[in-house]
Amino acid sequence: MTDSPKITAARIEVERAKGALLDTARALIERFQPHNLVDDLWESAKNKGADLAEDAVDAVAKRPVAIGGVVAALAMFLAREPLKKATVKFYDVMTPFFEPRKKPAALKQKTAAKPVSSKVDRPARAPAKRPARATRRATVKKTEKK
């Protein structure tokens, strides 16, 4: 049984489309392999990081003093405790021995403020004394003989 040329052409077209679909499926399977996804992610992160670094270098080149000030302020903020301790040590070393050494005011513990009451201030009352308790009598246990 021979097929007409239209049917033969249609079968060839179906086989061609089927082959193209299988090639696309193979390409997708290969692309979505975990190691390929990680490689793509790594490459895009490197490219983005390079772009950010390039922009940062351009910004520093345009305003070096402002950027230097921001970096210095950030470094001082992050190192505030060591800087505070170093300042106190330096002050202690530079203070003569005959002067009394006091804790700098900046390092004193802060106390919480007392709440403001709307009532009139009254003098504090002395706590009321409790009446003395009567001493307990020695109790005799029931098992003991009198």
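Biologist: What makes R16 count as exposed?
Modeller: In this predicted model, R16 has a relative accessibility of 51%, and because exposed means over 50%, R16 counts as exposed.

Biologist: How do you know that the side chains of R16 and E13 meet in a salt bridge?
Modeller: The nitrogen-to-oxygen distance between R16 and E13 is 2.4 Å, and since a salt bridge asks for a side-chain nitrogen of Lys or Arg within 4 Å of a carboxyl oxygen of Asp or Glu, the two side chains are taken to meet in one. Both residues belong to helix α1, where they stand three residues apart, about one turn of the helix.

Biologist: Why is E13 called partly exposed?
Modeller: The relative accessible area of E13 is 41%, and because the label covers values between the 20% limit for buried and the 50% limit for exposed, E13 is partly exposed.

Biologist: What makes R26 and D23 a salt bridge, and where do these two residues lie?
Modeller: Their N to O distance is 3.1 Å, and because the limit is 4 Å, the pair R26 and D23 is accepted as a salt bridge. Both are in helix α1, separated by about one helical turn, because they are three residues apart. R26 is exposed at 52%, whereas D23 counts as partly exposed at 47%.

Biologist: How do you know that K84 and E81 also qualify as a salt bridge?
Modeller: At 3.6 Å from N to O, the pair K84 and E81 falls within the 4 Å cut-off, and therefore the definition is met. These residues lie in helix α4, residues 80–94, and are three residues apart; K84 counts as partly exposed at 36%, and E81 is partly exposed at 40%.

Biologist: Why is N36 called buried?
Modeller: N36, which lies in helix α2, has 17% relative accessibility, and because buried means under 20%, N36 counts as buried. Leaving aside residues up to four places away in sequence, N36 touches E30 and R31. Buried residues make up 2% of the 146 residues in the protein chain.

Biologist: What makes the charged end of R80 count as sitting over the ring of F77?
Modeller: The charged end of R80 is 4.4 Å from the centre of that ring, which is inside the 6 Å limit, and because the definition also asks for a position within 35 degrees of the ring normal, the listing of R80 over F77 rests on both conditions.

Key
Residues are numbered from 1 along each chain as its sequence is written. This is a predicted model: local features need pLDDT of at least 70, side-chain atom pairs count only at pLDDT 80 or more; totals for chains, interfaces and linings use all residues. Side-chain values use heavy atoms; hydrogens and water are left out. Helices (H or I, at least four residues) and strands (E, at least two) are DSSP runs, numbered from the N terminus. Buried means under 20% relative accessible area, exposed over 50%, partly exposed in between (1.4 Å probe, protein chains only). Contact means heavy atoms within 4.5 Å.
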